[in-house]
Amino acid sequence: MSKQIKFESYREMPIRPMTLDNMLWNETGSWRNVKPVYDNKVSPCILGCPAGENIQHYIQLVIDKKYKEAWETIIESNPMPAATGRVCSHPCMGKCTRGDYDEAVNINAIESALGDMGLDNPGWMRESEKAKKKKVAVIGSGPAGLSAAFYLARGGYSVTLYESEKALGGVLRWGIPEYRLPNCVLDRVIESILNSGPISVKAETVVGKDIKLKELEDSFDAVFIGVGLMESRKLGIPNEDCEGVESGLEYLKRVNSGDNLDSSKKTVVIGGGNTAMDVARSALRKGSDVTVVYRRTQAEMPAIASEIEEAEKEGVNFRFLAAPKEIVAEGGKLSKVIFQEMELGEPDESGRRRPVPLEGKTFTMEVGRLFTAIGEKADLDGFVPEIDTEWDLIKVSGEFGETNSKNIFAGGDIVTGAASVVEAVAAGRKAAEKIIRIFIGEADPPKQEETEFGIENINVDYFTKSNRTLKPRISVEEAKNGFEEIFRGFDEQLLQKEVDRCFSCGVCNYCDNCWVYCPDAAIVRKDDRYEIDYDYCKGCLVCVEECPRSALSIEEEGK
Amino acid sequence: MREARIPTEELMGSGHLACQGCGATIAMRFALKALGRETILVIPACCWAVIDGTFPHSAVDIPIFHTAFETAAVTASGVKAGLEMRGDFETTVVAWAGDGGTFDIGLQALSGTAERNDDIIYVCYDNEAYMNTGIQRSSSTPVGSWTTTTPVTNYKKRPKKNMVDIMAAHAIPYIATASVAYPEDLIRKFKKAKAIKGTKYIQVLAPCPTGWKLSPELSIWAARKAVTSKVYPMLEITENGNKLTVWKDFEPTSFKEYIKPQGRFRHLKENEIEEIAKGVESSWQRLLAREKMLASIPGLDT
Amino acid sequence: MKKVVMGNHAVSYGVRASEVKVISAYPITPQTHVVELLSELVANGEIDAKFIKVESEHSAMAACVGASAAGSRAFTATSSQGLLLMTEMLHWAVGARLPIVLTNVNRAIGPPWSIWTDQNDSLSMRDVGWIQIYCESNQETQDAIPQAFKIAEEVNLPVMLVLDAFFLSHTYEIVDLLETEQVRDFLPPYNPEIKLDTNDPHSFGNLASPDYYMELRYMIEEAMNDARSVIKRVGKEFGEHFGRYYDMVVPYRCDDADVILVTSGTVASTTRAVIDEMRDEGIKIGALKIRVFRPFPFKEVSDILCSTKKVAVLDRNISFGNHGVFYQEVKSALYGKTDIPIIGYVLGLGGRDVTPKVIREIADKAIKDKNPEPYINWIGVKR
Ligand SMILES: Cc1cc2nc3c(=O)[nH]c(=O)nc-3n(C[C@H](O)[C@H](O)[C@H](O)COP(=O)(O)OP(=O)(O)OC[C@H]3O[C@@H](n4cnc5c(N)ncnc54)[C@H](O)[C@@H]3O)c2cc1C
Ligand SMILES: Cc1ncc(C[n+]2csc(CCOP(=O)(O)OP(=O)(O)O)c2C)c(N)n1
Ligand code: SF4
Ligand code: SF4
Ligand code: SF4
Ligand code: SF4
Ligand SMILES: [Mg+2]
């Protein structure tokens with residue numbers, strides 16, 4: 001601000017009518033009746049991600065080619081982007097604002113590219129914090145357990161990881177087939193987690209059998225239970241136990257552990273979830289003619305849509321609105337299945353329309369093998385009665401997985417029922433963080449505020465429509481002939497192409513627009529931010545209007 | 001330091017007297033960023049005569065000579081001659097006038113300067129009416145528009161004068177249109193003009209919220225939609241009038257959308273809007289045809 | 001070097017001698033030769049200047065304003081309609097305090113079209129703030145130019161030099177032409193401290209509130225007042241350099257005159273011949289030529305005229321509704337100082353010849369006329 005020059009006498013005035021100073025004395029801010037304020041929002045994708053990955057932020061870092069920082073940003077909320085990047089159902093993309101413009105940003109592919117970079121650069125993983133005295137037992141090495149172990153170990157707490165199986169990974173290991181998540185990738189993911197801090201593994205140790213929960217409770221400062229759902233649900237129809245009928249889970253486990261299975265028979269898979277798809281496609285790869293039978297229609301299938309699509313492409317047959325009614329066994333061996341035809345009735349509590357039998361309508365199929373994939377359930381033997389349960393799952397009281405027992409936490413499928421990898425990851429992290437907070441006596445952070453954000457908050461004039469960049473893939477022909485991973489990661493060029501599509505919803509990405517267009521030169525451009533000089537801002541709101549992403553808000557003057 | 005999209009030096013400072021969201025001000029800010037300190041401005045009567053500030057204060061940190069309404073071009077010619085006779089061949093002299101000072105009252109002097117090819121940049125910041133005096137029509141006011149001298153009962157019936165064509169007829173080395181919605185393009189054009197000797201004419205669309213009866217925050221929006229609706233084509237004429245380059249790489253938007261938030265067009269009826277939109281399209285087609293035609297003549301003096 | 005040249009060319013040579021840097025002008029009869037010769041002198045390098053060949057007088061003055069603001073010495077010449085067209089920019093030059101020099105060849109204003117002399121064009125610019133000097137000979141039209149620049153550059157006001165159409169502009173006389181080298185001592189190159197300069201940025205002429213406009217006008221008035229002594233000094237210095245002295249007014253046989261005829265321009269020469277003739281007849285009559293019209297030489301005029309018994313003012317112009325302009329000015333100069341009769345005569349408009357006979361007629365009439373007439377004496381009008 002300068003002072004206005006005032007002349008007392010003409011003798012002080014310049015000989016010519018000319019100016020001697022600038023106009024900064026004229027504080028035009030007084031003209032304003034509303035004011036623009038910088039106000040970053042939470043991007044919808046972040047709210048969409050169960051793990052709360054700061055997607056907007058890491059995408060911006062990728063744009064700046066700050067790959068390490070981008071990866072670190074993911075790691076803050078998810079220790080296994082290479083895995084989730086391959087198998088996550090990516091609800092984030094469902095929330096992506098770009099989806100209402102052309103197609104959602106391929107967040108999942110970006111995540112997997114970064115995840116792979118992280119695997120290729122083990123040095124990116126920072127050292128864990130200095131060792132603390134307290135130690136934690138983690139039961140189960142699925143995504144929930146691994147995630148909990150990672151965040152605890154990273155914080156310097158020693159973790160003992162109990163796993164009943166020989167190999168770690170839970171469903172990632174023995175459920176999801178290699179063509180989606182190769183074992184070699186999973187091995188590196190697990191390795192990176194185990195290397196991140198003081199984690200010791202006790203494999204082939206069944207808690208409840210080999211060691212009691214009570215013992216763990218006594219010898220550790222806290223326990224996290226992430227044991228997932230181990231058992232397949234039964235069909236509950238005659239002859240279910242005859243030869244030729246198998247649980248899909250068991251089958252997948254064997255496929256994944258390399259058993260050389262012969263499936264070259266007419267195969268039927270019962271169910272509509274991810275398990276059903278994985279079973280069907282695995283069997284297909286083993287040379288079988290596969291039909292998935294589902295009691296509702298495709299629209300109600302809980303499997304990830306792209307998985308269904310791939311299954312179809314590969315030649316899996318579908319038969320909707322049918323449920324097995326009876327298994328016909330000949331000599332203890334499966335021969336036929338009688339199916340009940342169904343129709344859709346009123347919606348049930350899941351919001352999906354309930355299948356109801358069409359009275360008197362059945363059909364029979366010759367079947368060589370029948371796989372059940374109608375859901376998994378918990379094996380709570382080692383945990384009850386000590387731990388309270390509900391609906392055959394562990395009951396937790398808060399969002400951090402607190403069980404009825406003071407130092408025991410739980411998360412993942414064992415709490416939620418069959419859910420997803422990322423939800424398990426989130427649960428593991430949240431519990432770990434809560435445990436740490438308890439250890440150090442820190443209060444819980446405030447809940448993230450949910451802001452409404454939609455395409456109307458984007459100034460679409462600044463964007464041009466484009467298609468989502470897809471991961472390169474091997475052909476369907478190649479794919480169905482083996483267990484080779486179908487989708488390949490983005491190279492840098494594809495990665496850059498896709499991150500460029502991100503709107504950076506509600507978060508300033510230093511596009512300079514506000515600063516560029518301010519008619520009053522009232523925005524000061526700093527290296528890491530912008531500042532509005534309210535002495536001069538006239539409140540025209542051009543900056544707010546021209547911000548492509550609503551990173552500025554309007555405030556009433558005097559607020 | 002993060003790289004800025006446009007030069008960071010601010011030669012036009014805060015505290016100036018323009019209305020909220022004034023496009024003319026944005027145009028100046030961009031132009032000075034392109035031209036830099038070694039620039040002298042000649043400003044005739046127009047809003048900018050006021051925006052600059054009150055004696056003895058100026059919001060602009062380079063020399064300005066305020067001159068009479070119709071004399072921007074020739075005063076600039078005089079300044080340039082004066083500088084050169086003092087041995088200064090470097091300073092860029094810029095005449096900075098409104099559309100009234102260009103299309104109307106200043107046309108004669110501008111024609112003189114252009115015909116002599118005096119070495120100046122002539123900028124018309126086009127807000128499509130006499131704003132300084134309270135929104136009277138100029139020959140740049142578009143057909144259909146209300147102004148205080150073309151009331152809604154007798155809105156402007158004649159099309160905007162084609163000033164670019166008039167300038168092209170002078171065979172000057174550089175002519176361009178620009179819009180405050182496209183800062184990089186505007187800056188590129190000013191830099192280009194600075195490097196060329198002779199008379200350069202740049203016509204910058206500079207929305208005037210006050211005069212267009214437009215909410216101030218939509219200033220840039222309007223400057224953008226004017227272009228994408230083909231109302232205000234972005235073009236360059238080089239090689240002494242022999243080469244026309246029209247910018248076409250945009251998603252076309254509708255004329256109706258462009259005029260919708262502008263009160264100056266509010267009185268138009270549906271059929272009138274359609275009629276005007278047709279005119280916009282045919283002007284655009286003519287322009288493209290001319291671009292093609294010029295390109296097709298072999299051996300045009302370039 | 002002495003040469004027989006027409007008045008218009010004498011102007012051009014004056015410009016050459018003054019090292020003008022920017023010329024901008026537009027042709028109009030009877031000034032055209034000025035422009036033509038200047039074009040030639042610039043083209044052949046005798047004048048190191050830029051000649052901006054504009055499309056109008058308005059632009060000519062605008063170009064001069066721009067050039068002068070940029071710190072270069074600027075000149076233009078015009079006449080009549082051209083001067084009128086310039087009006088707005090004449091004001092601009094004053095307000096911007098630019099030392100531009102303009103030579104105006106006095107020509108009557110249309111309609112009806114007339115290309116012949118009278119002073120209404122320049123005198124209609126009397127309130128603009130230009131210093132105005134009326135020349136009487138071709139020699140003076142030349143000599144006045146370096147003087148004008150010297151004055152202008154000292155007081156930061158523009159100077160208008162005026163000469164009669166045809167009687168000077170097209171009339172050949174012997175003129176001692178000024179050489180640039182000689183003049184340089186008298187008139188050093190123009191190098192103003194304040195100018196358009198990117199190293200010292202100022203905005204010139206932007207909006208002034210009522211708080212300061214008056215002061216800026218007052219400063220112009222002050223400059224105008226300062227110009228009196230500057231004009232005198234410069235006229236003297238010029239004399240010291242070149243032997244030809246110039247002053248605000250030129251009295252002729254006024255000392256014991258009972259009647260003094262007040263004149264300007266070429267009429268002054270004719271009048272002097274008539275004075276000589278009448279003095280030979282024993283009539284105590286004198287003449288006073290007003291050379292500098294703005295600033296008006298009040299003191300010089302009243303000092304001389306207060307000692308006489310009757311004043312007759314010859315106006316080759318008419319301020320419709322209130323006598324001739326010189327008459328008004330002389331009267332105001334004498335107001336309260338004397339109660340002698342002051343009589344005004346309007347003559348020679350539109351190039352009507354002002355012969356010795358006409359002047360003698362006026363002189364005789366003036367001697368007889370008892371009181372100043374409330375009405376205007378139009379000389380030679382066919383009634
Ligand atoms: C076939 C299949 C495909 C799927 N596909 C996807 C997909 O594509 N995307 C997606 O997001 N989700 C998918 N899911 C769901 C997802 O895998 C699970 O939601 C997720 O793995 C749950 O993780 P978790 O850590 O809670 O449990 P799990 O992954 O089930 O891990 C539990 C671990 O605990 C161990 N354990 C169990 N009991 C004990 C004990 N008593 N002592 C010691 N260790 C024990 C188990 O051996 C296992 O390793 C799929 C699920 C299945 C079954
Ligand atoms: C000779 C003359 N006539 C009229 C005016 C009054 N006047 C000043 S600015 C102006 C209009 C300017 O319009 P434009 O050139 O379009 O500039 P804007 O005010 O729109 O920025 C007018 C008519 C003037 N100053 N001088
Ligand atoms: S556009 Fe980018 S920031 Fe916005 S929701 Fe999609 S991924 Fe997130
Ligand atoms: S306009 Fe660009 S720089 Fe300004 S707040 Fe919005 S995103 Fe950030
Ligand atoms: S563009 Fe500038 S003046 Fe307008 S509201 Fe924003 S900061 Fe204020
Ligand atoms: S009237 Fe229009 S052009 Fe003039 S200062 Fe206001 S907004 Fe700018
Ligand atoms: Mg205008």
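This passage describes two interfaces of chain A, a magnesium site in chain B and the surroundings of one aspartate in a predicted model.

Between chain A and chain B, the contact takes in 46 residues from chain A and 45 residues from chain B, and the two chains bury about 3,500 Å² between them, with 55% of this area on carbon and sulfur atoms. Of the area that chain A buries against chain B, 19% is supplied by A:Met23, A:Trp515 and A:Tyr517, more than by any other three residues. Three salt bridges are counted between chain A and chain B, including one in which the side chains of A:Glu546 and B:Arg224 meet at 2.8 Å, N to O, and 27 residue pairs, both members at pLDDT 80 or more, are in polar contact across this interface. On the side of chain A that touches chain B, α18 (513-517) and α19 (542-546) of chain A each supply at least two residues, and the largest share, four residues, comes from α18(A). The residues of this side of chain A divide into 26 nonpolar, eight polar and 12 charged.

At the interface of chain A and chain C, 12 residues of chain A are in contact with 19 residues of chain C, and about 1,600 Å² is buried between the two chains, 64% of it on carbon and sulfur atoms. Zero salt bridges are found across the interface of chain A and chain C, whereas 10 residue pairs, both members at pLDDT 80 or more, are in polar contact there. The side of chain A that touches chain C is made up of nine nonpolar residues, one polar residue and two charged residues.

In chain B, the magnesium ion (ligand 7) has as its protein donors B:Asp99 (OD), B:Asn127 (OD1) and B:Ala129 (O), which lie 1.9 to 2.1 Å from the ion, and the donor residues follow the sequence spacing D-x27-N-x1-A. Distant parts of the chain are linked in this way, with B:Asp99 in the loop between β3 (92-98) and α4 (100-104) of chain B and B:Asn127, 28 residues apart from it, in the loop between β4 (121-126) and α6 (163-168). B:Asp99 is buried, its relative accessible area being 0%, and B:Asn127 also counts as buried, because its relative accessibility of 5% falls under the 20% limit.

A:Asp210 is located in the loop between β4 (199-202) and α10 (213-219) of chain A and is partly exposed, with a relative accessible area of 44%. Residues up to four places away in sequence aside, A:Asp210 touches A:Glu204 and A:Thr205, while a polar atom of the A:Asp210 side chain lies 2.5 Å from the backbone nitrogen of A:Val206.

Notes: Residues numbered from 1 in each chain as written. Chains lettered and ligands numbered in written order. Predicted model: local features only at pLDDT ≥ 70, side-chain atom pairs only at ≥ 80, totals over all residues. Heavy atoms only, no water. Donors = N, O, S within 2.8 Å, 3.2 Å for Na, K, Ca; no water. Buried < 20%, exposed > 50% of the residue type's maximum accessible area, 1.4 Å probe, protein only. Contact = heavy atoms within 4.5 Å. Buried area = accessible area lost by both parts, 1.4 Å probe. Salt bridge = Lys/Arg side-chain N within 4 Å of Asp/Glu carboxyl O. Polar contact = N/O pair within 3.5 Å; in protein donor to acceptor, adjacent residues only side chain to side chain. Nonpolar A, V, L, I, M, F, W, Y, C, P; charged D, E, K, R; others polar.
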